[in-house]
Amino acid sequence: MISIDSANIENYTAVTRYIAENSYYNNAGEPLASDANKGKKFVDTGEIKAFKSKYYQTWEEYKEKHPNISPELEPIIAQKLQMYEEMLFTFF
């Protein structure tokens with residue numbers, strides 16, 4: 001489904017019903033009886049590094065560069081600026 005207007009309710013209902021009826025596993029979390037990946041080597045990605053960019057900045061970094069922000073407006077400005085910053089970087 002791409003949008004509400006493109007929804008085929010009968011198909012959506014059928015898929016939802018199928019998942020509800022067939023998605024119960026009585027051995028959830030237990031190893032499989034036959035492990036298809038046994039003996040295979042997987043790439044170790046290591047620890048994921050923190051996101052760094054010269055374009056992205058947190059509220060604290062912004063505040064250091066702009067110290068003259070009114071204290072009573074700070075909670076509102078901080079929330080909005082950080083929200084827009086996060087929205088911009090979700091597209092990349």
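pLDDT is the predictor's confidence in each residue, on a scale from 0 to 100. The model here is a predicted one, and its pLDDT averages 78 over the protein, with 72% of the residues scoring at least 70. Broken down by helix, confidence bottoms out in H1, at a mean of 84, and peaks in H2, at 89.

As for the overall layout, the secondary structure boils down to three helices and zero strands. Read from the N terminus, that gives a plain α-α-α order. Not much is tucked away: of the 92 residues, 7% count as buried. The accessible surface adds up to about 9300 Å², and carbon and sulfur atoms account for 58% of that area.

Helix H1 covers residues 9-22, and Val15 sits in it. Val15 also helps build a patch on the surface: together with Tyr18 and Ile19 it makes a nonpolar area of about 330 Å².

Helix H2 takes up residues 59-65, and it is home to an aromatic pair. A search of the whole structure turns up just one such pair. The partners are Trp59 and Tyr62, whose rings are stacked, with 5.7 Å from centre to centre and 25 degrees between the planes. The label "stacked" applies because planes under 30 degrees apart fall into that class. Both residues belong to helix H2, where they are three residues apart, or about one turn of the helix. The two rings do not share the same setting, though. Trp59 has a relative accessible area of 10% and is buried, since the cut-off for buried is under 20%. Tyr62, at 26%, is partly exposed.

Trp59 also has company from further along the chain. Leaving aside residues up to four places away in sequence, Ile77 touches Trp59 and Ile69. Ile77 is found in helix H3, and its relative accessible area of 28% makes it partly exposed. Along the chain Ile77 and Trp59 are 18 residues apart, and their C-alpha atoms are separated by 9.2 Å.

On the charged side, the structure holds one salt bridge. It is formed by the side chains of Glu74 and Lys63, with 2.7 Å from N to O. This pair links distant parts of the chain, 11 residues apart: Glu74 is in helix H3, which spans residues 74-90, while Lys63 is in helix H2. Lys63 has a relative accessibility of 35% and so counts as partly exposed.

Taken together, helices H2 and H3 are tied by the salt bridge between Lys63 and Glu74. Ile77, of helix H3, adds a contact with Trp59, and Trp59 in turn stacks with Tyr62.

Definitions and conventions
Residues are numbered from 1 along each chain as its sequence is written. This is a predicted model: local features need pLDDT of at least 70, side-chain atom pairs count only at pLDDT 80 or more; totals for chains, interfaces and linings use all residues. Side-chain values use heavy atoms; hydrogens and water are left out. Patches are made of residues with over 30% relative accessible area and no salt bridge: like charges are joined within 9 Å, nonpolar side chains (Val, Leu, Ile, Met, Phe, Trp, Tyr) within 5 Å. Accessible areas come from the Shrake-Rupley method with a 1.4 Å probe; for residues, only the protein chains shown count as cover. A salt bridge is a side-chain nitrogen of Lys or Arg within 4 Å of a carboxyl oxygen of Asp or Glu. Helices (H or I, at least four residues) and strands (E, at least two) are DSSP runs, numbered from the N terminus. Buried means under 20% relative accessible area, exposed over 50%, partly exposed in between (1.4 Å probe, protein chains only). Rings of Phe, Tyr and Trp (its six-membered ring) pair if their centres lie within 6.5 Å; planes under 30 degrees apart count as stacked, over 60 as edge-to-face and the rest as tilted. Contact means heavy atoms within 4.5 Å.
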